[in-house]
Amino acid sequence: MQRRTLAIVLFALALLGAGGYYFFQQQQAAVRAAATNRATATIARGTLVASVSAAGNIYAPQQTSLNFQLTGVPIKKINVKVGDAVKAGAVLAEVDDSDLQFQIRTAQSSLTSAQAKLDALKQPASQADLDAAQAQVTSAQANYNAAVAKFQSLKQGPTSADLNAAQAAVTSAKSAYDAAVIKNAHANDQITVARAALDKATVALQQAQAAYNTVAWRSDVGATSQSAALQQATIDYQSALANYNLAVTGINDSAVKSAAQALAQAQANLANLTKGPSASDLASAQSSIESAKQSQAQAQANVSKLTTPASAQDLAQAQAALDSAQTAFEQAKRKLDQAKIVAPFDGTIGSVNYVEGQLASTATAALTLVNLTNLQTQINLSEVDVAKVKTDQEVTLTFDALARRTFPGKIVSIAPVGTVTQGVVNYLVTVALTQPDPAIKPGMTAEATITVERRDNVLMVPNRAIRTQGTQRLMTLLFEGNAIPLIVQTGLSNDQNTEIIGAATAQKPVQLQEGDVVVLNATTTTTGGGTRGGVPGGLGVPGGGFAPGR
């Protein structure tokens, strides 16, 4: 019974072994058939570069809109056009500054005057200033004395001598008036006599002319008595005409009128002396005294001011006036500076929005200035990629608009805080062009590629050769017609290739070589979650064994 049971067990084991071998052979055949129908690739040795990429638009960080600082003023000159390269400090545009020039001249004059007043207070008066001030005091005193004397004279009334003198003036003026009247009355008689003489001379001239005409045909007419008589008659006529004109011109009553005015004035003076001063005369004289007294006090105050040092209050007031004038001058200068638009930095004119003759406005940008030698772009990197980059790292910028030309750049800043958009965290990375080119213009789209790691002389396979199953990274090796499943340890990878650090079958490590053929999968991931690097089961060290048949 025991022998029979043992035989049955042995038979069952044989069947199981045969079935297992048959299953293994069938699986290997299926793998070989699948490998025959699938794409393959060759393991290569070389340099593997890992990078991250993102796109952004080129912009100029140093770009500004320049405005006029004045409104309603005509634009006098625009010195640039779009595309012009300018240096910092260049005058780009100007408005009419004639009013501002006048304001600054006025402010300068006020400043000079305020400075002179302060200097005068700080310095002692010169002898010439003292002499002039003392002369004003003397003159003011004389005017005051004269005003007092006149007032006293009006109050006391005229003396007999004043009355006699006034009466004598009336008498003299009356005599002059009578003489002028008599002289003017004889003027008509003088005209009559002059007219008669002129008529007589006219008749004589006519007779002499007639006598001359009778001998005018003679060749010696100039030597005849008729010619001499005509000349004499002509002279007599001209003399008579001149006398007549003088007589006529002398007929006027200006002498009579002048004499009458002098007589009226003399009579008025005598009447004023006779009736005495009026209340208005006394008031006017009193006002003259007060005015002269004020002038005298002012002149004396000027002398005292020159001889007395300036007080602290006077100096403070003069200094305040100077400071105010200085402020006004600085404001006028600033307004004058605002009449010009000056380039704040080296750059290129991007736009010109005015023409000469238009009225300037602070509301509209007049010019745009951009520095095209400093161009940048900003890209967004995920939280995974941003950990791989750092400032000053080299970047390659590629432009579709420039036929995929590439230009070097570098990272200048990485935002310390990310932004979350639909659950995705991105960080803003700023990249600067290190070799600007005139072909690159703000607004163009650039693809930035950042090399994050580089390894030389590594074994690498296409990414499609790697698949993930559970926690393992798997690859199929073709060796002497056999498809050998391998568990691989991977290193650096990019969007095309993956570094192979080590490989093993289920039983032992495998030493892969350049030129080995691997199978390409339709996808790199099957089921489960994968990990980068490391081989389960301690298969982390390559070498130490061969694939079957090697």
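**Exercises on a predicted model**

The open sheet contains 4 strands in the order S3-S9-S8-S5, and their pairing is antiparallel. The edge strands are S3 (63–67) and S5 (85–86), each of which pairs on one side only. The structure is a predicted model.

**Exercise 1.** Determine how many bridges join S3 to strand S9, and in which direction the two strands run.

*Solution.* Step one: locate the partner, strand S9, at residues 365–370. Step two: count the bridges between S3 and S9, which gives 5. Step three: assign the direction, which is antiparallel. As one point of register, Gln63 stands opposite Val370 in S9.

**Exercise 2.** Compare the end-to-end reach of helix H8 and of helix H9 with the span expected at 1.5 Å a residue.

*Solution.* Begin with H8, residues 279–307, which has 29 residues. Its first and last C-alpha atoms are 42 Å apart, close to the expected 42 Å. Next take H9, residues 312–337, with 26 residues and an expected span of 38 Å. The end C-alpha atoms of H9 lie 37 Å apart, which agrees.

**Exercise 3.** Identify the buried residues of H8 and of H9, and relate their spacing to helix geometry.

*Solution.* In H8 the buried residues are Ala285, Ile289, Ala292, Gln296, Ala299 and Val303. In H9 they are Ala318, Leu322, Ala325, Phe329, Ala332 and Leu336. The geometric principle is that an α-helix has 3.6 residues a turn, so residues three or four places apart point the same way. Finally, the cover over the buried residues of H9 includes helix H2 (98–122) and strand S7 (340–342).

**Exercise 4.** Classify the aromatic pairs by geometry, and state which parts of the chain the pair of Phe68 and Tyr354 ties together.

*Solution.* The count comes to 2 aromatic pairs. For Phe68 and Tyr354, the ring centres are 5.7 Å apart and the planes stand at 80 degrees; planes over 60 degrees apart count as edge-to-face, so this pair is edge-to-face. Phe68 belongs to the loop between S3 and strand S4 (75–78), and Tyr354 to the loop between strand S8 (347–352) and S9, so the pair ties together parts 286 residues apart in sequence. Both Phe68 and Tyr354 are buried. The pair of Phe399 and Phe407 is also edge-to-face, with 5.6 Å from centre to centre and 75 degrees between the planes. Phe399 counts as buried at 0% relative accessibility, and Phe407 counts as buried at 8%.

**Exercise 5.** Describe the largest nonpolar core and the place of Phe68 in it.

*Solution.* The largest nonpolar core has 33 residues, of which Phe68, Leu92, Val95, Ile341 and Leu367 touch the most other members. At least two residues of this core come from each of S4, strand S6 (91–95), H2, H9 and S9. Beyond four places in sequence, Phe68 touches ten residues' worth of surroundings that include Ile75, Val95, Ile341, Tyr354 and Ala366. Apart from this core lies another, of 24 residues, among them Ile379, Val386, Leu397 and Ala448.

**Exercise 6.** Decide whether Ala93 is buried or exposed, and list its contacts beyond four places in sequence.

*Solution.* Ala93 lies in strand S6. Its relative accessible area is 2%, and buried means under 20%, so Ala93 is buried. Its contacts beyond four places in sequence are Phe68, Lys77, Ile78, Asn79, Ala339, Lys340, Ile341 and Leu367. Lys76 is 17 residues from Ala93 in sequence, and their C-alpha atoms are 7.9 Å apart.

Technical notes
Residues are numbered from 1 along each chain as its sequence is written. This is a predicted model: local features need pLDDT of at least 70, side-chain atom pairs count only at pLDDT 80 or more; totals for chains, interfaces and linings use all residues. Side-chain values use heavy atoms; hydrogens and water are left out. Two strands pair if DSSP finds at least two bridges between them. The expected span of a helix is 1.5 Å times one less than its number of residues. Buried means under 20% relative accessible area, exposed over 50%, partly exposed in between (1.4 Å probe, protein chains only). Rings of Phe, Tyr and Trp (its six-membered ring) pair if their centres lie within 6.5 Å; planes under 30 degrees apart count as stacked, over 60 as edge-to-face and the rest as tilted. Contact means heavy atoms within 4.5 Å. A nonpolar core is a set of buried Ala, Val, Leu, Ile, Met, Phe, Trp, Tyr and Cys residues joined through side-chain atoms within 4.5 Å.
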